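Take a look at the chain shown here. The report below walks through some of its charged residues, one of its helices and its unusual backbone angles.

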Amino acid sequence: MFDTAPTATEPTLSPAELAPYIQHTRIEPDASRDDMVAHAQETITHGFNAAMVPASWVPLVAAELRGTGIGVASALDFPTVGVMTSAGKAAEAAEIARLGATQIDIGVQIGWLKSGMYDEFREDIAGVVRACGLPVKVMLELPLLTEAEKEAAVELAMEAGAAYLKNASSGQIETANPTSVRYLVDRARDGVLVKASGSIKSYGQALELLRAGAVLLGTSAGISIITDTGDASTTSY
C-alpha cells in the first residue's frame with residue numbers, strides 16, 4: 001500500500017500511473033455476482049490499490065483477488081453514517097475481517113460529536129479498530145461539521161486508532177477537493193494517512209488530490225481516471 005503521494009516538485013504521473021492509488025469501488029445494491037467478479041478482475045487488470053465492495057461480496061472478491069497482493073476493502077455504517085450501534089459496528093467489523101477484507105472504512109456518530117459526547121464518539125471508532133485488527137479509514141463528513149467540530153473529530157479519530165482520515169463518505173456529502181485533503185494532512189499525526197472520497201471522476205482532479213497529500217482515492221470512476229476519459233458527465237460516487 002502506498003504511503004506517499006506525488007508532490008509539486010515530482011514529475012507528473014500519467015493517468016495509468018494513478019492506478020495504485022485508487023480504491024476501485026462498486027457498491028450498487030443491484031450488482032450481481034457476475035458484476036462483482038468482473039469488478040475484481042478489473043482491479044487486477046488495471047493494478048488498482050484495492051477493490052472496495054459491500055461486505056456481502058467480500059468472500060467472493062477476496063477469493064478472486066487471492067495471491068495478487070491487491071487489497072479487499074469494505075465499509076460499514078454506510079452509506080448513511082451514524083445509524084449503527086457501537087456494538088453492532090464492532091461485530092460487523094470483526095465479521096468483515098473474518099470474511100477476508102484487508103481494510104475497512106467506517107461512518108462515525110456525527111450526532112454524538114455535535115452533542116459533546118466525545119468519549120462515546122471516540123469509543124465507537126476504537127471498538128471497530130480493536131475488533132477487526134485491520135487498517136480503519138474514518139469518514140469524517142467534514143462539510144457537516146463546524147470548525148471546532150472538525151478539529152475535535154480529527155483528534156478523536158486519531159486517538160481511537162484510525163489509520164486513515166477521510167474527508168467524506170461520498171459525493172453526496174462532498175466532492176473531494178484539495179482544501180479538505182490539505183486540512184486533514186496538516187493535522188494528521190505521524191503514521192496517519194489521508195484518503196480522499198467523493199465524486200472523483202477525472203485524471204486532473206485525482207492528480208490534484210494526490211498532490212494535496214492524499215495517498216488513496218476512493219472512486220467508482222477509476223477506469224475513466226486512468227484512461228483520462230472522465231469528464232463532467234462521468235458518474236462517480
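## Helices and the model

Helices here are DSSP runs of at least four residues, numbered from the N terminus. Lysine 150 has its place in one of them, helix α6. The model is predicted.

## Lysine 150 and its surroundings

Is lysine 150 buried or exposed? Lysine 150 has a relative accessible area of 17%. Buried means under 20%, so lysine 150 counts as buried.

Lysine 150 forms a salt bridge with glutamate 147. Their closest N and O atoms are 3.3 Å apart. Both residues sit in helix α6, which covers residues 147-159. They are 3 residues apart, so about one helical turn separates them. An α-helix has 3.6 residues a turn, so residues three or four places apart point the same way.

Which residues does lysine 150 touch, leaving aside neighbours within four places in sequence? They are Leu142, Leu145 and Tyr183. Lysine 150 lies over the face of tyrosine 183, at 5.8 Å from the ring centre. Arginine 187 also lies over the face of tyrosine 183, at 3.7 Å from the ring centre. As for pairs of aromatic rings, the structure holds 0.

## Aspartate 77 and lysine 89

Now turn to another charged pair. Lysine 89 forms a salt bridge with aspartate 77. The closest N and O atoms are 2.9 Å apart. This pair links distant parts of the chain. Lysine 89 is in helix α3, residues 86-99. Aspartate 77 is in the loop between β3 (71-76) and α3. The two are 12 residues apart. The side chains of aspartate 77 and lysine 89 also count as a polar contact, at 2.9 Å.

Are these partners buried or exposed? Lysine 89 has a relative accessible area of 0%, so it is buried. Aspartate 77 is buried as well, at 2%.

What else does aspartate 77 meet? Leaving aside neighbours within four places in sequence, its contacts are Gly82, Val83, Met84, Lys89, Gly107 and Gln109. With glycine 82 there is a polar link: the backbone nitrogen of glycine 82 lies 3.1 Å from a polar atom of the aspartate 77 side chain. Alanine 93 is 16 residues from aspartate 77 in sequence. In space, their C-alpha atoms are 9.9 Å apart.

## Other salt bridges

How many salt bridges are there? The count comes to 15. One of them joins arginine 26 and glutamate 28. The closest N and O atoms of that pair are 3.2 Å apart. Arginine 26 is partly exposed, at 26% relative accessibility. Glutamate 28 is partly exposed too, at 28%.

## Helix α5

Helix α5 covers residues 118-132. How far should its 15 residues span? At 1.5 Å a residue, the expected span is 21 Å. The end C-alpha atoms are 22 Å apart, which agrees.

The buried residues of α5 are Phe121, Asp124, Ile125, Ala126, Gly127, Val128, Val129 and Cys132. What do they pack against? Three helices are on the list: α3, α4 (110-114) and α6. So are two strands, β4 (103-106) and β5 (136-139). After α5 comes glycine 133. Its phi is positive, near 65°.

## Unusual backbone angles

Most residues other than glycine have a negative phi, and most peptide bonds are trans. Here are some departures from that pattern.

Aspartate 77 appears again: its phi is positive, about 55°, although it is not a glycine. Aspartate 228 also has a positive phi, near 55°. Aspartate 228 is found in the segment after α9 (222-226). Its relative accessible area is 45%, so aspartate 228 is partly exposed.

Which two residues does a cis peptide bond join? They are phenylalanine 78 and proline 79, with omega at about 15°. Proline 79 lies in the loop between β3 and α3. Aspartate 77 is found in the loop between β3 and α3 too.

How values were computed. Residues are numbered from 1 along each chain as its sequence is written. This is a predicted model: local features need pLDDT of at least 70, side-chain atom pairs count only at pLDDT 80 or more; totals for chains, interfaces and linings use all residues. Side-chain values use heavy atoms; hydrogens and water are left out. A salt bridge is a side-chain nitrogen of Lys or Arg within 4 Å of a carboxyl oxygen of Asp or Glu. Buried means under 20% relative accessible area, exposed over 50%, partly exposed in between (1.4 Å probe, protein chains only). Contact means heavy atoms within 4.5 Å. A polar contact is a pair of N or O atoms within 3.5 Å; within protein, one must be able to donate a hydrogen and the other to accept it, and residues adjacent in sequence count only if both atoms are side-chain atoms. The expected span of a helix is 1.5 Å times one less than its number of residues. Rings of Phe, Tyr and Trp (its six-membered ring) pair if their centres lie within 6.5 Å; planes under 30 degrees apart count as stacked, over 60 as edge-to-face and the rest as tilted. A charge sits over a ring if NZ of Lys or CZ of Arg is within 6 Å of the ring centre and within 35 degrees of the ring normal.
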